Amino acid sequence: MSEENVQTQKTMKKEIILKGIPASPGISVGAAFLFAKEIPRVDERTVRDEDLPHEVERLEHAIQKSAKELNKILLFAQMKVGDAKAKIFEAQIMVLEDQVLIDTIKQRIRKEKKNTEYIVSDEIGKYAKLMMRAHDEYMHERAHDMEDLQNRIIRNLQQEKLISKLEGSIIVVAHILTPADTMILSRNHVLGYATDLGGTTSHAALFSRSLKIPAIVALGDVTREAETGDLVIIDGYSGTLVIHPTPERIDEYERKREHMMRFEEELAELKDLPAVTSDGHNVELSANIELPQELEYVVLQGSRGVGLYRTEGLLIGWDDFPSEDEQYQEYKRIADRIYPHRVIMRTFDIGGDKIAPEMAEEQNPFLGWRGIRVCFDRPDLFMNQLRAMLRASTRKNLAIMFPMITTIDEVRKAKEYLQQAKADLHARNVKFDDGIQLGVMIEVPAAALTAALIAAEVDFLSVGSNDLIQYLLAVDRGNSLVSALYREFEPAVLTTLKHVINAGHKQGIWVGICGEMAGHPLAAPLLIGLGMDELSVVPVVLPEIKKIIRSLSHKQMQEIAKTALSLTTGKEVEKYLRDFLMKALPDLPLDDTTL
Amino acid sequence: MIEREVTIKNRSGLHTRPAATLVKTASKYQSDFVIIKDDMEINGKSIIGVMTLAAEQGSKLLLRFDGPDKEAAAAAVIELFEHGFDE
């Protein structure tokens, strides 16, 4: 080693290797970008004279955007959490309209020639500190409100900067990412996502998988270890993140990436072949989508249809709910693109962690106001959506599905709404598919238990395995303290799936599964063996699942299911499935891609 | 310049809503309006300032008005305090 090299070695930062949960496959090497949302970091910067008007303009935009957000939240809060809690937002909105405060900030920017973030945080922070000084719980709460407001404005300032000023490719490092964050960030060239928290079924994970960007969640401390600009390797196959990698490490991962790409090429050859078992049993293999942008990718991946279109993806980036016409345009475009195959559209499944966690702060959002419950409480939105879907159904390749059904009354009530929507369209003389297929998501244990009753009311059942498993096992999949207990192969899960399948088949209707489990390479043969007629999977894994289906016989899969049902622990089931597949399909990169 | 001392009469003190009423009323006038409490001096036309006063029932404030319409401003503001902000 030359002396110069030794010198470089010494000044190079030490390599740090972090392990998380792989959430989306792929390998990238690039510069980290620290996306701090919770408490934005504010640096003090001097601004050149000619840039001062721009700083003031940025302030105005950020205030406008913050006011818009807060008004939306206020409306929601008044409707759902009551006036007392809504007052918090009211006070924040009033402060945003405080002309004296805003003028002071503007004057300070011009006079002190500092960046807007710094002045905002200093000026509002001054008041927050004074409020904290009071010996009064009420005032302490107001101080926190002011800090929230300050953070919101700064976040809006930084996001704006982020969208307009980020250049080059980045690997986003964050504490946690909301769907909206992921959306905004995706306008840049993102090579990967790495987060401290989150599970593989968090929205950011689903999103990155659909866009084929590597992602790792539950890394624990990545935001503390990595800094903006640090070179990192993200390996979404194994869930490994390397900060300050050595040149040897980069080579190692480049080789791994090439190997994985070759395997993926192999899969691409299956694109136009049907998902049929080696003994001729046909499986309906379709894809889940959330955004219309994913459609082309779905087609490219060789999907025969869309088994789950999460329509709430439409709401991202909208200040209001889209109108019936706007929704119709979108639904029609999707139905046309997928034709002659079928698209199953799920009505808005909002609430829970899905759209805007800050809108309605519920103690227990997964047991709260979400899915069909929201639809019933907002019949105006629900009816708009149903009419839009019906109007897009003229080619008879569209089916409607209701989320979060718990009881049979809810199924009947939802059907009444659909009848009403049909009557409205009749009255307006608008065409639609009168025989449109109707299904429900089986994701609440109560619905799984009464699947036989529900099956009598609908045309198909689709198991939403993410929620069903988390409700069955009482594990919050987004809580990294317990997410390891979220195990899809627990006997309780398999027994429940078998029960639902039998209930559907007895009524002569088909049963599918559209959760993450369907795209799990170990689970796919088991599910088909249990009797699932349809698997709807994230597009990125579709070719791999197809390869598995085509490599095994239906008879083998039924044997697998029988054995799996006879085992007594989830670990045994998983080991059995892994051993079986490793023997039957030695090429499959099982250890790495298993989600 | 007009200076007047007032006492907070309403039960909830100068909390968000009375604070908003106060700011709204004072902002109708051109005159500067300053509120002084203990060692704190804040602009009475700024909601964040008034909220920061944490003036509970019974506390005393010094109000200072200065400008072309100071008499009218003082009258309108003092009336609010005397009626306990109609709470």
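A nonpolar core, as the term is used in these legends, is a set of buried Ala, Val, Leu, Ile, Met, Phe, Trp, Tyr and Cys residues joined through C-beta atoms within 7 Å. Keep in mind that everything shown here comes from a predicted model.

**View 1. The largest nonpolar core has 91 residues.** Where should you look in it? Val440(A), Ile442(A), Leu461(A), Val500(A), Leu527(A) and Leu535(A) are the residues with the most contacts inside this core. Let's pick Ile442(A) and see what surrounds it. Leaving out residues up to four places away in sequence, Ile442(A) touches Ala447(A), Ala448(A), Ala451(A), Leu461(A), Ser462(A), Val463(A), Gly464(A), Leu468(A) and Val500(A). Apart from this core lies another one, of 48 residues, and its members include Ala62(A) and Leu157(A) as well as Leu22(B) and Ile48(B). As a general backdrop, nonpolar side chains tend to be buried together in soluble globular proteins.

**View 2. Helix H18 of chain A, residues 465–473, and its cover.** Ser465(A), Asn466(A), Asp467(A), Leu468(A), Ile469(A) and Gln470(A) are the buried residues to find in this helix. What covers them? The cover includes strand S13 (437–442), helix H16 (445–449), strand S14 (460–463), H19 and strand S15 (510–513), which belong to chain A. Once H18(A) is over, you meet Ala474(A), which has a positive phi, near 55°.

**View 3. Helix H19 of chain A, residues 491–506.** Here is one of the elements that cover H18(A), now shown for its own sake. H19(A) has 16 residues and reaches 22 Å from its first C-alpha to its last, close to the 22 Å expected at 1.5 Å a residue. Which of its residues are buried? Val493(A), Leu494(A), Thr496(A), Leu497(A), Val500(A), Ile501(A), Ala503(A) and Gly504(A) are. In any α-helix there are 3.6 residues a turn, so residues three or four places apart point the same way. Val500(A) may ring a bell: it is among the residues with the most contacts inside the largest core, and it touches Ile442(A). Just after the helix, Gly508(A) takes a positive phi of about 75°.

**View 4. An open sheet of eight strands in chain A.** Read across the sheet and the order is S1-S8-S7-S3-S4-S5-S6-S2, with mixed pairing. Strands S1 (16–19) and S2 (21–24) of chain A stand at the edges; each has a single partner strand, so one side of each is left without a neighbour in the sheet. From one strand to the next, the twist averages 30°. Zoom in on S7 (residues 231–235) and S8 (residues 240–243) of chain A: these run antiparallel and are joined by four bridges. One pair to spot is Asp235(A) with its bridge partner in S8(A), Thr240(A). Helix H10 of chain A, residues 247–268, packs on the sheet and touches strand S3 (27–35), S7 and S8 of chain A. The direction of H10(A) makes about 115° with that of S3(A).

**View 5. Where chain A meets chain B.** In this view, 14 residues of chain A are in contact with 10 residues of chain B. On the chain A side, the elements giving two or more residues are helices H3 (83–96), H4, H5 (116–133) and H6 (137–165). Which one gives the largest share? H3(A) does, with four residues. By type, the chain A side divides into 10 nonpolar, no polar and four charged residues.

**View 6. Lys106(A), a residue of helix H4 of chain A, residues 99–112.** Is Lys106(A) buried or partly exposed? It has 17 other C-beta atoms within 10 Å, and so it counts as partly exposed. Setting aside neighbours within four places in sequence, Lys106(A) is in contact with Val56(A) and Leu59(A). Thr116(A) sits 10 residues from Lys106(A) in sequence and 8.4 Å away in space, C-alpha to C-alpha.

**View 7. Chain B and its open sheet of four strands.** Chain B has three helices and four strands, and from the N terminus on its elements run β-α-β-β-α-β-α. The strand order in the sheet is S1-S4-S2-S3, with antiparallel pairing. At the edges stand S1 (2–7) and S3 (40–43) of chain B, each with a single partner strand, so one side of each lacks a neighbour in the sheet. The twist averages 25° from one strand to the next. S2 (residues 32–37) and S4 (residues 60–66) of chain B pair over five bridges, and the partner of Ile36(B) in S4(B) is Leu62(B). Of the 87 residues of chain B, 39% count as buried.

Note on methods. Residues are numbered from 1 along each chain as its sequence is written. Chains are lettered from A and ligands numbered from 1 in the order in which they are written. This is a predicted model: local features need pLDDT of at least 70, side-chain atom pairs count only at pLDDT 80 or more; totals for chains, interfaces and linings use all residues. The expected span of a helix is 1.5 Å times one less than its number of residues. A residue is buried if 20 or more other C-beta atoms lie within 10 Å of its own, exposed if 12 or fewer, and partly exposed in between; C-beta atoms are placed from the backbone. Two residues are in contact if their C-beta atoms, placed from the backbone, lie within 7 Å. Two strands pair if DSSP finds at least two bridges between them. Axes are lines fitted to C-alpha atoms, for helices over the stretch in contact, and angles run from 0 to 180 degrees between N-to-C directions. Ala, Val, Leu, Ile, Met, Phe, Trp, Tyr, Cys and Pro count as nonpolar, Asp, Glu, Lys and Arg as charged, and the others, Gly among them, as polar.
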